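These are my notebook entries on a single structure. I set down what I looked up, entry by entry.

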Amino acid sequence: MSDGASSPFGTWNGVAPHELFPGVFLHAVGGEQVLVCRVTYEPGTTVERHHHEATEQVVVLTEGEMTLTVGHEQRRLVAGDVAVMNRGVPHELCSEGGCTFIEALAPVPRDHVPDFERDLVLGDLGSSLHVER
């Protein structure tokens, strides 16, 4: 790490989650090339069909259940299930009872980073590889 770079260590303990959309809360940590988030959906939350033009998203469901539609395929996921949304592929998520999952996004979408000072550890490339969404 270069001089002035933030520490490679951090914690989500004691940090209030960021409300990304109504009913969708996350904690995030990322670097130059990847962002990892812990995401919680309140019961009854739906994120309408959308896509990420430049970002691939990988999801690992850790608690609860969700219905996930990727492209034209829909599945009911439970804890331990995984899914991949390649860049540009439309997807929609809904959780009737609420759920928690870990997601990895690459390249880093700036709109998923709650606090650029706290949640990113950048090296020589800085945020030059990050994208808007």
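**Entry 1: Arg118 and Asp119.** I looked up Arg118 and found it partly exposed, because its relative accessibility is 44%. The model I am reading is a predicted one. Arg118 forms a salt bridge with Asp119, and the closest N and O atoms are 2.7 Å apart. I then asked whether Asp119 is buried or exposed. Asp119 is buried, since its relative accessible area is 4%, which falls under the 20% limit for that class.

**Entry 2: the other salt bridges.** How many salt bridges does a search of the whole structure find? I noted 4. One of them joins the side chains of Glu65 and Arg76, at 2.8 Å from N to O. This pair links distant parts of the chain, with Glu65 in strand 5 and Arg76 in strand 6 (residues 73–78), 11 residues apart. I recorded Glu65 as partly exposed at 35% relative accessibility, and Arg76 as partly exposed at 40%.

I also looked up the salt bridge between the side chains of Glu73 and Arg75, where the N to O distance is 2.8 Å. Glu73 counts as partly exposed, with a relative accessibility of 47%. Arg75 has a relative accessible area of 52% and is therefore exposed, the limit for that class being over 50%.

**Entry 3: strand 2 and its partners.** I turned to strand 2 (residues 24–30) and asked why it is largely enclosed by the rest of the structure. The reason I noted is that 5 of its 7 residues are buried.

Strand 2 pairs with strand 1 (residues 18–21) in the antiparallel sense, over 3 bridges. Within this pairing, I found that Leu26 in strand 2 is the bridge partner of His18. The hairpin of strand 1 and strand 2 has 2 residues between the strands, and in it Gly23 takes a positive phi near 85°. I kept in mind that most residues other than glycine have a negative phi.

Strand 2 is also joined to strand 3 (residues 35–41), by 7 bridges, and these two strands run antiparallel. A hairpin of 4 residues leads from strand 2 to strand 3.

**Entry 4: His27.** I looked up His27 next, which lies in strand 2. Its bridge partner in strand 3 is Arg38. Is His27 buried or exposed? With a relative accessible area of 10%, His27 is buried. I then searched for what surrounds the residue, leaving aside neighbours within four places in sequence: His27 is in contact with Trp12, Val15, Ala16, Pro17, Val36, Cys37 and Arg38. For Val15 I noted a polar approach as well, because I wanted the atoms involved. The backbone oxygen of Val15 lies 2.6 Å from a polar atom of the His27 side chain.

**Entry 5: Gln33.** Where does Gln33 lie? I located Gln33 in the loop between strand 2 and strand 3. Gln33 counts as exposed, since its relative accessibility is 54%. Even so, I listed contacts for Gln33 beyond four places in sequence, and these are Leu105, Ala106, Pro107, Val108 and Leu129. I also took one distance: Gln33 and Asn13 are 20 residues apart in sequence and 24 Å apart in space, C-alpha to C-alpha.

**Entry 6: the Ala106 to Pro107 bond.** Two of the residues touched by Gln33 are Ala106 and Pro107, and I looked up the peptide bond from the one to the other. This bond is cis, with omega near -10°. For context, I recalled that most peptide bonds are trans. Pro107 lies in the loop between strand 9 (99–106) and helix 1 (116–119).

**Entry 7: a nonpolar patch.** Which residues make the nonpolar surface patch of about 290 Å²? I recorded Val58, Val60, Val82 and Val84. Strand 5 (56–70) and strand 7 (82–85) each supply at least two residues of the patch. I checked Val58 in particular, and its place is in strand 5. At 32% relative accessibility, Val58 counts as partly exposed. I noted that strand 5 also holds Glu65 of the salt bridge with Arg76.

Key:
Residues are numbered from 1 along each chain as its sequence is written. This is a predicted model: local features need pLDDT of at least 70, side-chain atom pairs count only at pLDDT 80 or more; totals for chains, interfaces and linings use all residues. Side-chain values use heavy atoms; hydrogens and water are left out. Buried means under 20% relative accessible area, exposed over 50%, partly exposed in between (1.4 Å probe, protein chains only). Two strands pair if DSSP finds at least two bridges between them. Patches are made of residues with over 30% relative accessible area and no salt bridge: like charges are joined within 9 Å, nonpolar side chains (Val, Leu, Ile, Met, Phe, Trp, Tyr) within 5 Å. Accessible areas come from the Shrake-Rupley method with a 1.4 Å probe; for residues, only the protein chains shown count as cover. A polar contact is a pair of N or O atoms within 3.5 Å; within protein, one must be able to donate a hydrogen and the other to accept it, and residues adjacent in sequence count only if both atoms are side-chain atoms. Contact means heavy atoms within 4.5 Å.
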